[in-house]
Amino acid sequence: MSLSPTDPLDLGYRQMYNLQFREAHATIQAYEQSHPGDPFGPTSDAAAYLFDEFNRLDVLQTELFVDDQLFKQRKRPDADPAIHEAFEKDLAESNREADAILQRSANDRNALLAKVFDLGLEADYLSMIEKRNLEALHYTKSGGVLAEKLLVVAPDCYDAYLAVGVENYLLGLRTAPERWMFRLYGAETDKNRGIRTLQLTAEKGHYLLPLAQLLLAVAALRDNDPNRAKELLRNLAQEFPNNPLYQKELARLP
């Protein structure tokens, strides 16, 4: 489902994917003012902070995810403490608002999805910026469990499939001893299931559809399928022309 250019939250995410972070914050914060108590407002604002930091630190290069050694040997980037503080403040506010809703209605779709997003955002910050991979795994696993709960009551919530897909795909790439260790922690490590669920978000998701497509492009490169990666990256470049990342990644490919 394409992001609408007129829906306030859709516009905020479209601005994020176009690297227009100042505009995204303004759009989302206006949404928060008109929708007090909606946890997805601060969740989305936190996402804008994280994407902005990822862009500033240049940590979304596909080669980092394709080359395991390059990923492991990367230096810990110099995070902006002010952005981190604002990011964590947004997540805390979102969780307070979501928990208040879930106390009244345990299966509220919007509140559950906000918490799934919050767990994924925290995992991404810990892993990609602070290199605290084991702590990130805890949040990834918790997000996957909560996403599974959400999908029982709302199987058409296709953004939630990304949380399940990321856990399975990324951990499924590990060596056999590592996968065994992760299973002891309760993590799922089925690479093929990960691809299938990422595909659902990439085809039918909403806020996370572009991110799922980027992750599938990385998966295609890891599987030596550059043509599939090119197709996905071309679609993203066309949809978000203000984001040079996709053109840059296309230029890397033969």
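1. Let's start with the overall order. From the N terminus on, the elements of the protein chain run α-α-α-α-α-α-α-α-α-α-α-α-α-α. That amounts to 14 helices and 0 strands. Please keep in mind as you read that this is a predicted model.

2. Next, the chain as a whole. The protein chain has 254 residues, and 51% of them count as buried. Take the contacts with a separation of 6 or more: residues 24 or more positions apart account for 60% of these.

3. Helix α7 is a good place to slow down. Does its length make sense? What span should the 21 residues of helix α7 have at 1.5 Å a residue? Residues 109–129 should span 30 Å, and the end C-alpha atoms are 30 Å apart, so the two values agree. As for its surroundings, α7 is mostly covered, with 17 of its 21 residues buried.

4. Now look at the two ends of α7. At the start of the helix, Asp-108 places a side-chain oxygen within 3.2 Å of the backbone nitrogen of Asn-110. Just after the helix, Lys-131 has a positive phi of about 55°.

5. One partner of α7 is helix α6, residues 81–104. Two packed helices are described by the angle between their axes and the distance between the axes. For α6 and α7, the angle is about 155° and the axes are 9 Å apart. Angles over 145 degrees count as roughly antiparallel, so α6 is roughly antiparallel to α7. Their crossing is left-handed. On the α6 side, the residues that meet α7 include His-84, Phe-87, Leu-91 and Leu-102. On the α7 side, Ala-111, Lys-115, Leu-121 and Tyr-125 are among the residues that meet α6.

6. A second partner of α7 is helix α3, residues 40–57. Which way does this one run? The axes of α3 and α7 come within 10 Å and cross at roughly 20°. Angles under 35 degrees count as roughly parallel, so α3 is roughly parallel to α7. This crossing is left-handed. Among the α3 residues that meet α7 are Phe-40, Ala-47, Leu-50 and Phe-54. From α7, the residues that meet α3 include Leu-113, Phe-117, Asp-124 and Met-128.

7. Find Asn-107 in the loop between α6 and α7. Is Asn-107 buried, exposed or partly exposed? Its relative accessibility is 44%, so Asn-107 counts as partly exposed. Not counting residues up to four places away in sequence, Asn-107 touches Leu-112, Lys-149 and Val-153. Asn-107 and Val-152 are 45 residues apart along the chain, with their C-alpha atoms separated by 9.6 Å.

8. Glu-23, in helix α2 (residues 21–34), is another residue to look up. Because its relative accessibility is 39%, Glu-23 counts as partly exposed. Between Glu-23 and Ala-48 there are two separations to compare by eye: 25 residues in sequence, and 9.8 Å in space from C-alpha to C-alpha.

9. Last, try the length check on helix α13, residues 226–239. At 1.5 Å a residue, its 14 residues should span 20 Å; the end C-alpha atoms are 20 Å apart, so this agrees. Which residues are buried in α13? They are Ala-229, Lys-230, Leu-232, Leu-233, Leu-236 and Ala-237. The buried residues of α13 pack against α12 (209–222) and α14 (244–252).

Note on methods:
Residues are numbered from 1 along each chain as its sequence is written. This is a predicted model: local features need pLDDT of at least 70, side-chain atom pairs count only at pLDDT 80 or more; totals for chains, interfaces and linings use all residues. Side-chain values use heavy atoms; hydrogens and water are left out. Helices (H or I, at least four residues) and strands (E, at least two) are DSSP runs, numbered from the N terminus. The expected span of a helix is 1.5 Å times one less than its number of residues. Buried means under 20% relative accessible area, exposed over 50%, partly exposed in between (1.4 Å probe, protein chains only). A polar contact is a pair of N or O atoms within 3.5 Å; within protein, one must be able to donate a hydrogen and the other to accept it, and residues adjacent in sequence count only if both atoms are side-chain atoms. Axes are lines fitted to C-alpha atoms, for helices over the stretch in contact, and angles run from 0 to 180 degrees between N-to-C directions. Angles under 35 degrees count as roughly parallel, over 145 as roughly antiparallel, 65 to 115 as roughly perpendicular and the rest as oblique. A crossing is left-handed if the near helix is turned anticlockwise from the far one by less than a right angle, and right-handed if clockwise. Contact means heavy atoms within 4.5 Å.
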